[in-house]
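Thanks for coming. I will go through one structure and stop at a handful of places in it.

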Amino acid sequence: MDSLQKQIKSVKDVLVSEDVLVFEFVSEGGKEFAAIYADGIADKALLGELVVKPLRTVKKADDIHTVRRLLASPEVKDCSSIPDAIEEISDGNAVLFVGGERDFFIIGLKKPPARAIAEPPTQIAVKGPREGFVEEIKTNMGLVRKRIKSDKLQIKTLKCGKRSQTTVAIVYIDGVCRKGLPEILQKEIESTQIDVVPDSSYISAFVSSRPRSVFKRCATSEKPDIFCSKISEGRVGILVDGSPIALTVPYMIVEDFQTGEDYYSSSYRATTLRIIRFISVLIGIFLPALYVSAQLFKIQLIPFRLLLKISSSVQGIPLSPSIEMFLTLLVLEVLNEASIRMPKYVGLALSVVGALVLGDTAVKAGIISTPAIIIVAFSAICLYTVPDLVETTATLRWIYLIIAGSIGPFGVAVFTVFLISYLVTEQSYGVPLLAPFAPAIAGDLKDGMVKANLYTLKNRPEVLKSKQKVRLKKNVES
């Protein structure tokens, strides 16, 4: 068996799948070649145009250096390791073996299936860019390069997942990012031993100091403009192949109360909306618990006229207030899950049936009271004013409800103090989660819950400890 067939066999013995194809051809001068690629993720048209076509017409190719000069592909890499060839084929590139030569070429022909760039469904904006990240990491890297054309923009790529070999990109601006932070992230990601990394949420768990905590340690974004704004402040971004959701660290809870649209509208409007979001989240978490604890332990908390209305509504309800609220919240979560998982049009019908028919029937049957349905519905709406915090706030709502039904207002107060104490001590890569409020940083408060005029935000956030503190040098009186 000649060397070319041995090389083909060494690859096919490992990549036995039928979608790994071998294309053998001969040049006019009699030189033998073999291209191996994975069907579906490699561009066959480019392979034929840039590789096969130039080589077939050549009459003389004495050595491998002559072959390399004939290749029209802009991405050609020398290789001599069969394991590396197998990895490149699995990644979507093609391997070109040359008859009689030990060395071979890796041809960059990766073209995985990808959807078109569109507005992300979870971060819709009235003002501002409409582009969103997609599942193809090279497209996402291009969207970042499109917005930050600086030579200081650094993108480090690495592989994560023993079997998936998922590409992960660490993105930061050299000189703006805190020194040593990208290296820390790279070390944590590379040290993780896992078979498959299908999404960025896996990486989020890897880089979290406390993965079992209710509170996350990484901010998420589906919009390139938001992602670029954050890394320009001194954060480090993480892009994961196969995921449209990018990560940024360090993370502060106040980030979730801010939206990209805040920076495209007036400071007064942005401040008002941020305060509304904060109040809405508090209502969403505490309202069911306060309603239950007031009914069971402290009826004086409810105004007298409102109490008369509630007493007439709950009269004859066979369930206790805590059980009633618990079941109503459970039904809401079930309907939410069902409407998301079911087909689009069936889910819409299910929402109507669940919200109107089921709720109205339950009230008329005397199983659930009208105030309970109103409170649960309003609580759910309030939580979704800050969608990036829903996982955390929905969990806290359940915890508060259980405490309120068993201990009452005192338990709610004690758990709130404990929660605040916990958050004050928690950090994300050296940055407190409650910054810039605890500790209070005067300069960063200008873009906290209150958004100051853009021209007053001359410096980058102090809490991020950026090496280049100034980001706006033009002095304009507000």
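Contact, in what follows, means heavy atoms within 4.5 Å. One more caution before the details: this is a predicted model.

I start with Leu332, which sits in helix H11. Leaving aside neighbours within four places in sequence, Leu332 is in contact with Val376, Ala380 and Arg397. Take Val376 from that list: its C-alpha lies 7.8 Å from the C-alpha of Leu332, and the two residues are 44 apart along the chain. Is Leu332 buried, exposed or partly exposed? Its relative accessibility is 26%, so Leu332 counts as partly exposed.

Staying on helix H11, there is a nonpolar patch on the surface. The patch is formed by Ile323, Phe326, Leu327, Leu330, Val334 and Ile402, and together they have about 500 Å² of accessible area. Which element gives the most to this patch? Helix H11, residues 321-341, does, with five residues. One of the patch residues is Val334, and its place is in H11. Val334 counts as exposed because its relative accessibility is 51%, and the cut-off for exposed is over 50%.

Next, the aromatic residues. How many aromatic pairs does the structure hold? There are 10. One of them is Phe25 with Phe33: the ring centres are 5.3 Å apart and the planes are at 20°, so this pair is stacked. Phe25 is buried, at 3% relative accessible area. Phe33 counts as buried too, with 1% relative accessibility.

Another pair is Phe286 with Tyr400. Here the ring centres are 4.6 Å apart, and the planes are at 55°, so the pair is tilted. This pair links distant parts of the chain, since Phe286 is in helix H9, residues 267-296, and Tyr400 is in helix H14, residues 390-406. The two residues are 114 apart in sequence. Are Phe286 and Tyr400 buried or exposed? Both are buried. They also belong to a cluster, in which ring pairs link Phe286, Tyr400, Phe415 and Phe418.

Now a charged residue, Glu233. You will find Glu233 in the loop between helix H8, residues 224-232, and strand E9, residues 236-240. Although Glu233 is in a loop, it counts as buried, because its relative accessibility is 12% and buried means under 20%. What does Glu233 touch? Not counting residues up to four places away in sequence, it touches Val176, Asp447, Arg460, Pro461, Leu464, Ser466 and Arg471. With Arg471 there is also a polar contact: the two side chains are joined at 3.3 Å.

From there I go to strand E10, residues 246-249, and to Ala246 in it. Ala246 counts as buried, at 1% relative accessibility. Its contacts, again without neighbours within four places in sequence, are Phe133, Ala219, Thr220, Ser221, Phe227, Ile238 and Leu239. For Ser221, the C-alpha to C-alpha distance to Ala246 is 5.3 Å, with their positions 25 residues apart in sequence.

That leaves the backbone. As background, most residues other than glycine have a negative phi, and most peptide bonds are trans. There are exceptions here to point out.

Two cis peptide bonds come up. Val249 and Pro250 are joined by one, with omega about -5°. Pro250 is placed in the loop between E10 and H9. Ala435 and Pro436 are joined by another, with omega about 5°. Where is Pro436 found? In the segment after strand E12, residues 431-432.

On phi, Gln165 is not a glycine, yet its phi is positive, about 50°. Gln165 is in the loop between strand E6, residues 153-160, and strand E7, residues 166-173. Its relative accessible area is 29%, so Gln165 is partly exposed. Tyr429 is not a glycine either, and its phi is positive at about 55°. Tyr429 has its place in the loop between strand E11, residues 427-428, and E12. Tyr429 is buried, with a relative accessible area of 16%.

To go back over the route: we had Leu332 in helix H11, the patch to which H11 gives five residues, the cluster of four aromatic residues Phe286, Tyr400, Phe415 and Phe418, and the polar contact of Glu233 with Arg471. After those came Ala246 in strand E10, and then the backbone. That is where I stop.

Terms used. Residues are numbered from 1 along each chain as its sequence is written. This is a predicted model: local features need pLDDT of at least 70, side-chain atom pairs count only at pLDDT 80 or more; totals for chains, interfaces and linings use all residues. Side-chain values use heavy atoms; hydrogens and water are left out. Patches are made of residues with over 30% relative accessible area and no salt bridge: like charges are joined within 9 Å, nonpolar side chains (Val, Leu, Ile, Met, Phe, Trp, Tyr) within 5 Å. Accessible areas come from the Shrake-Rupley method with a 1.4 Å probe; for residues, only the protein chains shown count as cover. A salt bridge is a side-chain nitrogen of Lys or Arg within 4 Å of a carboxyl oxygen of Asp or Glu. Helices (H or I, at least four residues) and strands (E, at least two) are DSSP runs, numbered from the N terminus. Buried means under 20% relative accessible area, exposed over 50%, partly exposed in between (1.4 Å probe, protein chains only). Rings of Phe, Tyr and Trp (its six-membered ring) pair if their centres lie within 6.5 Å; planes under 30 degrees apart count as stacked, over 60 as edge-to-face and the rest as tilted. A polar contact is a pair of N or O atoms within 3.5 Å; within protein, one must be able to donate a hydrogen and the other to accept it, and residues adjacent in sequence count only if both atoms are side-chain atoms.
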